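User: Please take a close look at the nonpolar core of this chain and the strands and loops around it. I would like one connected account rather than a list.

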Amino acid sequence: ISYIIMNAPTCYLMDAVILCGGMGTRLKKVIGDRPKVLAQFGKKTFLDILLGRLIRSGFRRFILSTGHLGEQVEDHVALHYGKDSEAEVVVVREPEPLGTGGGLKNVLPHVKSDPFLVMNGDSFVEVDFRALADFHQEKRGPVSIALVEDFKPDGGGVIIDDSCRMRSFREKSGVPTKFMNSGIYVMDKNVVLHMPQTDSFSLEYDLFPVLASGGLCFGFPSEGKILDIGTPERFEEAQRIFHEG
């Protein structure tokens, strides 16, 4: 495991973990031999866009969970988020592919805040992060998931009750639901007690369905739309949106 710690101000809403360890197989023919999080959007990478939006929302400390081609992320952070940056960025590379859950567990020793934010590194949703944090504090569950009314068959379909307690989480089931997982979560550190004992596992398949079945997860409805760069088609759409924006 390798990691880089960049010195920066310590005033932040909470730590933000960004999961950047995916192989990016579907996008390789478009972006070449680089991790998805470093896909170019004009002069910026997708990582720069994510960090910029989170910094504007009050976050100041970030932990990046990397895997395939993680050294490129380390080089980018060292070049652009050094000691004069307004943010502190920690890069933690997986020793082997660990999945979204294993990648998160691997970086937990570097997370200082409790609770903390987690988000996917290949998508973004405009979310009121302070409202999400307040919601999480009110519900007092180990995990709160930001939801969108933007169903996609290859996403996580979610059912919640009137109190926003999650009753079902089904990844890539193809069965339409009103709400879908946005890929943005607030978690307490005690979530590790509910994680599988294995090093490698998936949040979407191995953790969230279990939490939902036990009534231990809450869904925070959001009006945002998912901006996902995981496929060539969605990457092209994201290019158009950012160009117009």
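Analyst: What follows starts with the whole chain, goes on to the core, and ends with the loops. The model is predicted.

The chain holds seven helices and 14 strands. Its radius of gyration is 17 Å, which agrees with the value near 18 Å for a compact globule, because that is what 245 residues would give. Along the principal axes, the C-alpha trace spans about 45 × 35 × 35 Å. Buried residues account for 56% of the 245 residues. Contacts reach far along the sequence: among those between residues at least 6 apart, 77% join residues at least 24 apart. The accessible surface amounts to about 11400 Å², and carbon and sulfur atoms supply 49% of that area. As for charge, there are 28 positive and 33 negative charges, and their mean positions lie 1 Å apart.

The largest nonpolar core has 79 residues, and the members that touch the most others are L104, L117, M187 and F208. Helix α2, residues 46–56, gives the most to this core, with seven residues.

M187 shows what surrounds one of these members. Leaving aside neighbours within four places in sequence, M187 is in contact with L104 and F208, both of which are also among the core residues that touch the most other members. The further contacts of M187 include F116, V118, V143 and L203, and also D114, P115, H136 and P142.

Two of those contacts, D114 and P115, are joined by a cis peptide bond, with omega about 10°. P115 sits in the loop between α4 (99–107) and β7 (116–120). M187 therefore touches both residues of the cis bond, and, by the residue ranges, F116 and V118 of strand β7 as well.

L117, another of the core residues that touch the most other members, leads to strand β2. A16 and L117 are 101 residues apart in sequence, yet their C-alpha atoms are 4.5 Å apart. A16 lies in strand β2, residues 16–20, and is buried because its relative accessibility is 0%, where the limit for buried is under 20%. Besides L117, A16 touches F59, R61, F62 and I63, not counting residues up to four places away in sequence.

Strand β5 covers residues 61–66, and S65 is placed in it. S65 counts as buried because its relative accessibility is 1%. Its contacts, again without residues up to four places away, include I18, L19 and C20, positions that fall within the range of strand β2. S65 also touches G21, V92, E94, G103 and V107; of these, G103 and V107 fall within the range of α4.

After β5 comes a loop with an unusual backbone angle to report. L69 is in the loop between β5 and α3 (70–80), and its phi is near 60°, a positive value in a residue other than glycine. L69 is buried, because its relative accessible area is 14%.

R140 also has a positive phi, about 60°, although it is not a glycine. The loop that holds R140 runs between α5 (129–139) and β9 (143–148). R140 counts as exposed because its relative accessibility is 71%, whereas L69 is buried. Around the loop of R140, M187 touches H136, P142 and V143.

Terms used. Residues are numbered from 1 along each chain as its sequence is written. This is a predicted model: local features need pLDDT of at least 70, side-chain atom pairs count only at pLDDT 80 or more; totals for chains, interfaces and linings use all residues. Side-chain values use heavy atoms; hydrogens and water are left out. Helices (H or I, at least four residues) and strands (E, at least two) are DSSP runs, numbered from the N terminus. Buried means under 20% relative accessible area, exposed over 50%, partly exposed in between (1.4 Å probe, protein chains only). Contact means heavy atoms within 4.5 Å. The radius of gyration is taken over C-alpha atoms; the globule rule is 2.2 Å times the number of residues to the power 0.38. Accessible areas come from the Shrake-Rupley method with a 1.4 Å probe; for residues, only the protein chains shown count as cover. Lys and Arg count as positive and Asp and Glu as negative; His and the chain ends are not counted. The place of a charge is taken as NZ of Lys, CZ of Arg, CG of Asp or CD of Glu. A nonpolar core is a set of buried Ala, Val, Leu, Ile, Met, Phe, Trp, Tyr and Cys residues joined through side-chain atoms within 4.5 Å.
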